[in-house]
Amino acid sequence: MLTLPFPLFASLGGEASSVEADQAKMQGTLRITSGDLYNIQEIQTSTGVTVKEYVSSAGKVFAVTWQGPFHPDLRQVLGSYFEEYAQAVQAQRASRRGRGPLLIQHSGLVVQISGHLRSFLGKAYAPQMMPAGVQVEEIR
Amino acid sequence: MTRSRFEGLLCLSLAGALAATTGCGGGASTSSSSNSGSGTGTGTNPSVSNVQPITVNTGPTAGPPLNSPYINGAFTSVTVCIPGSTTSCQTISGILVDTGSSGLRILSSALTAISLPQQTDSNSNPIVECLPFLDGITWGPVETADMTIAGEEAKSLPLQVIGSTTFSTIPATCTSMGTPEDDLAALGANGILGVGSFAQDCGSACTVSGGSNPGLYYTCPNSGCEVTTESLSSQVQNPVVLFATDNNGVIIELPSVTGAETSVSGSIIFGIGTQSNNGLGSATVYTIDPNIGNFTTVFNGTSYGDASYIDSGSNAIYFLDSNATGLPTCTDASYWYCPTTTQNLSATNQGFGNGASGSVNFVVGNADTLTVLETTGAANGLAGPNSGSFDWGLPFFFGRNVYTAIEGKDTPAGAGPYWAY
């Protein structure tokens, strides 16, 4: 397994300049789609996961989605939000009284993870960072 | 039903008395093999018992000290033996039946009566697995057992022992895929019996080295754990494929449930079309994408293509979101729907490539009402959001016989993978 000497850069909530670092860390390819309110920077990881980072005109990553046979590196994808995610997961397990897809809905962080091994779908966004005029449904 | 309910309660009280370590019927025991004269798996073999009881109840977490009842979990028991032995065995109850994963995983805290042999690589270093679920990961060594369930036996089955103290340090590359579910409270069961449509948990991706390896299998010498390759036959795998017969899939049969009930009983039947009790009958076959294990569900005219799945290991029907369904989520639980009155809904499932199409009627109740009692173990109508996809969880199985055919395995309706109901 190749190990690259890159530090973990924040993705969600981070500067767009981290996208190039994410690409290197995930050993992937990069494609950028430009829009009026935001750009989408799409990374294909070496394990076959498509990660899309939604970047505002201010250069901030306000949402991330992923799709593929495995999870991406969630520390990498969620950046500084990873600990909030991890604690919320543990709290939800007991309150939901069972296993199933994940839905964390905090005022500052929304995370959804669906699917099963070989087919995962994930979405994370920071509602307070969403540019004005962007609908949640556009994040997919 | 009454008898089974009593057994369920007895099982729970025993589990509590034993501090949930061995569970109902736990401890070392002698298993009697009924696997006589089984052949290559072709044809029928009426001498093998292929029916295992399952119970939907509040599960092994319900009693003290956790007092954390499960809802809509289908639990059963399995017996694991040291390979080749018929006396060094343990029967473990509170095992969740999961058609959404493949492979047997047992909490090390529940596997107390015997020590199973560790799987090692060519350098005699132990193999340890990091298995990603939706809501977390399980970490622990790959060990080998002869597993029996009903009259079926999976010899030399690679399985995962979760939460072993021998490998207590989880690599950061593993916890980056999710938070650990390494004890009873986090896992919600003493183990998981993955009887899904895949033969192995990882498949070919884990057999190759380099950047495309997803990092599920580790070799762990004393110096620390590193990602390694794992052959298909060494991977943790669906125990059904190792049965001598009845090895092409499973049927889960559960009765109809109206609203909330304490407990219901049903069966998991091994094999499809291999014996007189497991024919397809009038069930419709829905083929599924052999790469990712999904089919398509259509709702309100919108097609959610190749993103939906049937999963007994999900405790509700999780589908779409409030925008797409018009259903409000609960004010205190955004992961469940809370319509003021029970809604009768319909969706259409479509096979992946075989042209099968059929409507599914299902109900969505008020989750606050359905879950108000801690004694409720089965609730039809429990549902929640799952944006862009349908996860047909355990309530889908209520009142249906659901067939899961394993990839590459021949059945009277052709080779798997498929679902039929």
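**Exercise 1. Find the residue just after helix α3 of chain A that takes a positive phi, and describe the helix before it.**

Step 1. Just past α3(A), A:Arg97 has a positive phi of about 60 degrees. Helices here are DSSP runs of H or I with at least four residues, and strands are runs of E with at least two, both numbered from the N terminus. A word on the source: this is a predicted model, in which local features need pLDDT of at least 70 and side-chain atom pairs count only at pLDDT 80 or more, while totals for chains, interfaces and linings use all residues. Residues are numbered from 1 along each chain as its sequence is written, with chains lettered from A and ligands numbered from 1 in the order in which they are written.

Step 2. Now look at the helix. α3(A) covers residues 82-96, 15 residues in total, and its first and last C-alpha are 21 Å apart, close to the 21 Å expected at 1.5 Å a residue. (The expected span is 1.5 Å times one less than the number of residues.)

Step 3. Sort its residues by burial. A residue is buried if 20 or more other C-beta atoms lie within 10 Å of its own, exposed if 12 or fewer, and partly exposed in between, with C-beta atoms placed from the backbone. The buried ones are A:Phe82, A:Tyr85, A:Val89, A:Arg93 and A:Arg96. Viewed down the axis of α3(A), they fall within an arc of 95 degrees, so they line one face of the helix; the arc is that of the directions from the helix axis to the C-beta atoms. On the other side, A:Glu83, A:Gln87, A:Ala91 and A:Ser95 are exposed.

Step 4. Ask what covers the buried face. The cover includes α2 (74-78), β5 (102-105) and β6 (110-116) of chain A, along with α3 (184-187) and β20 (333-337) of chain B.

**Exercise 2. Work out which element of chain B gives the most to the side that touches chain A.**

Step 1. Residues are in contact if their C-beta atoms, placed from the backbone, lie within 7 Å. The contact takes 39 residues from chain A and 53 residues from chain B.

Step 2. On the chain B side, the elements giving two or more residues are β11 (226-227), β17 (302-310), β20 and β25 (386-392). β25(B) gives the most, with five residues.

Step 3. By class, this side of chain B holds 29 polar, 19 nonpolar and five charged residues. (Ala, Val, Leu, Ile, Met, Phe, Trp, Tyr, Cys and Pro count as nonpolar, Asp, Glu, Lys and Arg as charged, and the others, Gly among them, as polar.)

**Exercise 3. Trace the strand partners of β17(B).**

Step 1. Strands pair if DSSP finds at least two bridges between them. β16 (residues 295-299) of chain B runs antiparallel to β17(B), joined by four bridges, and B:Phe299 stands opposite B:Thr302.

Step 2. These two strands form a hairpin with two residues between them, and B:Asn300 in the turn has a positive phi of about 50 degrees.

Step 3. β17(B) also runs parallel to β25(B), with two bridges; there, B:Ile310 has B:Trp392 as its bridge partner.

**Exercise 4. Summarise the make-up of chain A.**

Step 1. Count the elements: chain A has three helices and seven strands, in the order α-β-β-β-β-α-α-β-β-β from the N terminus.

Step 2. Finish with burial: 52% of the 140 residues of chain A count as buried.

Technical notes:
Contact = placed C-beta atoms within 7 Å.
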